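Hi,

Here is the structure I promised to pass on. Have a look first, and my notes follow underneath.

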Amino acid sequence: MSDAKSYEPGQHPSLPPPKNLVGWQRWVWDNLFGTVSNTVLTLLSVYLLYLIIPGMLDYFVLDAVISANSRAECAELGKGACWAFIGDRFQVFIYGFYPAELRWRPNLAFVLLFVALAPVLYDNIPFRKYGLMFSLAFPIIAGVLMVGGVFGLEPVDTRLFGGVLLTIVIGVTGITFSLPLGILLALGRYSNLPAIKIVCTVFIEFIRGVPLITLLFVASTMLSYFLPPGTSFDLLLRVLIMVTLFASAYMAEVIRGGLQSLPKGQFEAADAMGLKYWQTMRLIVLPQALKISIPGIVNTFIGLYKDTTLVIVIGMLDVLGVAKSAVSDPVWNGLSVEIYVFVAGFFFICCFGMSRYSMYLEKKLHTGHKR
Amino acid sequence: MSVASDTDSTPQRGGIMRLWYDSEARQVIIQIFTIAVLFALVFYLVRNAVINLDAIGKSLGFDFLFQPANYDINQSFLEYDSRSSNLKAAIVGLLNTFLVAGLGIFIATIVGFVMGVLRLSKNFLMNRLVYCYVEAMRNVPVLLWILLVHGFIVVNMPGPRQALGLGESFFFSNRGINMPSPLPEPLFWATAITFILGVIGAIVFKRYAKKIQDETGKILPVLYVSFGLIVVLPVIVYFITGAPLNWETPAMQGFNFQGGYVVKPELIALTLALALYTSAFIAETVRSGILAVNYGQTEAAGALGLRNNRTLQLVVIPQAMRVIVPPLTSQYLNLTKNSSLAIAIGYMDITATLGGITLNQTGREMECMILVMAIYLCISLAVSSFMNWYNNRIKLIER
């Protein structure tokens with residue numbers, strides 16, 4: 001009775017929760033060892049980690065050789081991975097065979113790419129309006145910079161493009177042009193006019209039904225037959241067109257999903273307001289449909305970016321193409337794992353970054369109407 | 001009155017423009033215009049093609065399909081040699097495509113479902129591990145995975161003499177996997193027939209059990225009976241007839257293994273890379289499908305007194321499948337289309353035979369590409385119509 005104070009009913013202050021319901025012990029109990037199956041899973045994961053981590057760490061980091069002149073020298077210096085090769089070939093990995101004295105041009109274009117991306121990706125930067133104008137003009141500016149031939153810039157053959165440079169050129173071009181084209185195709189497929197609907201549907205289903213590789217073969221072997229006699233145009237341009245068309249068909253399906261999820265009332269309300277078709281689409285339908293389909297759109301972008309690697313099948317040397325040809329280099333024989341892991345790291349950073357940005361965007365545009 | 005004034009004012013806009021302001025007429029005009037432009041474009045392209053082909057003296061035709069192919073295919077289900085026709089080469093390639101697609105879909109489905117369920121597990125470590133697996137798999141191009149696995153097998157695995165053995169019958173080396181092949185004796189047909197009868201019996205019994213349950217509510221032990229019919233019975237017959245099945249194990253002779261089956265590194269690399277890559281996407285599909293089932297459903301099942309496994313089997317999975325099946329279909333189709341990347345490592349699928357070597361040797365770009373595309377289109381349409389049928393069967397039947 002001495003140390004226990006007495007309270008009026010209902011006046012007792014809240015006690016802290018029991019010790020076994022809070023703190024790290026509880027977290028461990030809930031998340032790792034709570035039930036038998038949970039414990040088994042934990043032990044299994046620890047065993048897997050034990051199998052994977054030390055071996056990988058030893059091979060790729062601790063025992064790895066960073067500088068050497070040949071594969072044989074690598075093997076003498078250590079028994080781990082041989083990264084020396086990457087340093088040896090770094091320039092080729094980045095630029096392909098772009099003339100060395102002109103490399104400031106792709107570098108400048110790359111820096112400008114971020115200048116052009118900033119106003120598109122973030123809406124709270126100053127002078128955003130002018131920034132967006134620059135972004136619209138960027139594809140032309142970058143094209144002129146890279147290919148040259150005008151304004152006293154020395155022309156560069158597109159066959160010299162390679163490595164990361166080529167990957168980014170194809171990826172950025174495809175991403176830039178496939179979105180508007182995809183929107184048009186989706187609107188076409190969703191339209192009331194049967195002829196337009198059929199044309200768009202057939203186009204979309206055809207593109208989605210065949211592998212990209214066959215389209216690239218068409219671009220490289222067959223397309224010239226369909227052009228007026230005597231004309232031919234650049235292989236890179238043909239590939240860019242095919243990749244854009246391919247991605248736009250997938251984009252169209254993603255956006256069509258967004259269109260279909262809009263309630264019919266939105267269209268009817270727009271009609272009732274007296275808006276014309278394009279006004280309805282621009283002001284009412286597309287802002288909502290595109291917002292819903294953001295995850296799908298970014299997934300298509302990521303898919304497109306990964307699909308740029310397929311150009312190696314028609315003999316273009318993008319970053320994977322450089323890697324593949326490097327694997328068969330006699331001086332650096334037998335380094336396939338290191339080289340491919342390096343390229344995988346490059347793609348992982350790009351694609352993972354894109355998917356993180358899409359999550360940020362989803363959160364930002366989430367206006368509380370989620371169903 | 002306003003209606004009257006409208007009809008008065010429109011004709012004043014004059015002749016042909018009147019049609020443009022009538023919305024129905026305008027729709028017709030737009031469509032006719034679209035079709036006209038399309039036809040003009042197609043006509044223009046075909047005309048160009050005809051002129052170009054004439055100029056180099058080529059004609060369209062499919063007789064090259066029946067001429068000898070003059071190249072070898074290292075893995076074939078049919079009897080094939082370099083004197084066989086291009087058509088036969090194409091069929092062998094098509095079968096190889098089916099083999100990779102089938103194996104890939106099978107593995108990807110199993111791994112994907114397991115990963116998807118583990119991703120939802122409350123276990124922190126397992127959850128994170130699977131998350132890393134999924135992100136690593138799907139953020140790297142599939143072609144890179146194919147090349148990486150192929151490179152690993154060909155460069156880093158030991159040669160046949162130092163092959164890693166699993167017992168005395170399976171050997172892993174840089175030439176692929178050597179495994180025993182079955183040599184059935186005449187009496188083996190008895191076991192095979194028992195197995196087939198067992199499967200039929202199990203299906204019949206399952207239908208019967210469902211009928212009994214619908215009528216009386218009694219639950220028959222379908223699982224045990226099916227197991228007995230499909231597995232135990234054939235095993236018994238197999239031993240009664242005197243175990244009439246021998247295995248030819250691979251053995252080292254000279255520089256390579258002789259006897260048994262060989263699974264080539266190309267097939268392993270392609271199947272494994274495609275399956276694991278696709279499994280990451282399937283895992284995400286499965287996860288979102290299961291999350292899409294309202295938790296109230298699980299609680300309601302609990303309130304009705306269903307046990308955990310019955311809840312999963314009867315309540316959660318059927319509803320999750322409705323969400324899972326449409327994206328699953330497109331993953332299967334993606335895997336099939338991605339199998340065309342075989343050409344990068346020299347696995348002879350339809351793209352590598354008909355669209356690759358045959359194309360290069362005969363110079364028939366147009367015909368080969370049209371055939372290859374048509375084949376992929378047919379596969380896509382067939383798979384998606386089958387999955388649509390399945391989807392219609394399991395979808396929610398509303399009032």
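Let me begin with a strand pair in chain B: β3 (residues 176–179) and β8(B) run antiparallel and are joined by 3 bridges. If you want a spot to zoom in on, Asn178(B) has Val262(B) in β8(B) as its bridge partner. Bear in mind throughout that this is a predicted model.

That pair belongs to an open sheet of 4 strands in chain B, ordered β1-β2-β3-β8 with antiparallel pairing. β1 (164–166) and β8 (261–263) of chain B sit at the edges with a single partner strand each, so one side of each has no neighbour in the sheet. From one strand to the next, the twist averages 20°.

Next, helix α7 of chain B, which covers residues 188–216. Its 29 residues reach 41 Å from first C-alpha to last, close to the 42 Å expected at 1.5 Å a residue. Thr191(B), Thr194(B) and Gly198(B) are buried in α7(B), and the cover over the buried residues of this helix includes α8 (222–240) of chain B. Just after α7(B) comes Gly217(B), with a positive phi of about 85°.

Finally, the two chains meet: 45 residues of chain A are in contact with 49 residues of chain B. On the chain A side, several helices supply at least two residues each, among them α1 (23–33), α2 (36–62) and α10 (212–222). The most comes from α16(A), with 9 residues. By class, that side of chain A has 33 nonpolar, 10 polar and 2 charged residues.

Cheers

Notes
Residues numbered from 1 in each chain as written. Chains lettered and ligands numbered in written order. Predicted model: local features only at pLDDT ≥ 70, side-chain atom pairs only at ≥ 80, totals over all residues. Expected span 1.5 Å × (residues − 1). Buried ≥ 20, exposed ≤ 12 C-beta atoms within 10 Å, placed from the backbone. Contact = placed C-beta atoms within 7 Å. Nonpolar A, V, L, I, M, F, W, Y, C, P; charged D, E, K, R; others polar. Pairing = 2+ DSSP bridges. Axes fitted to C-alpha atoms, helices over the stretch in contact; angles between N-to-C directions.
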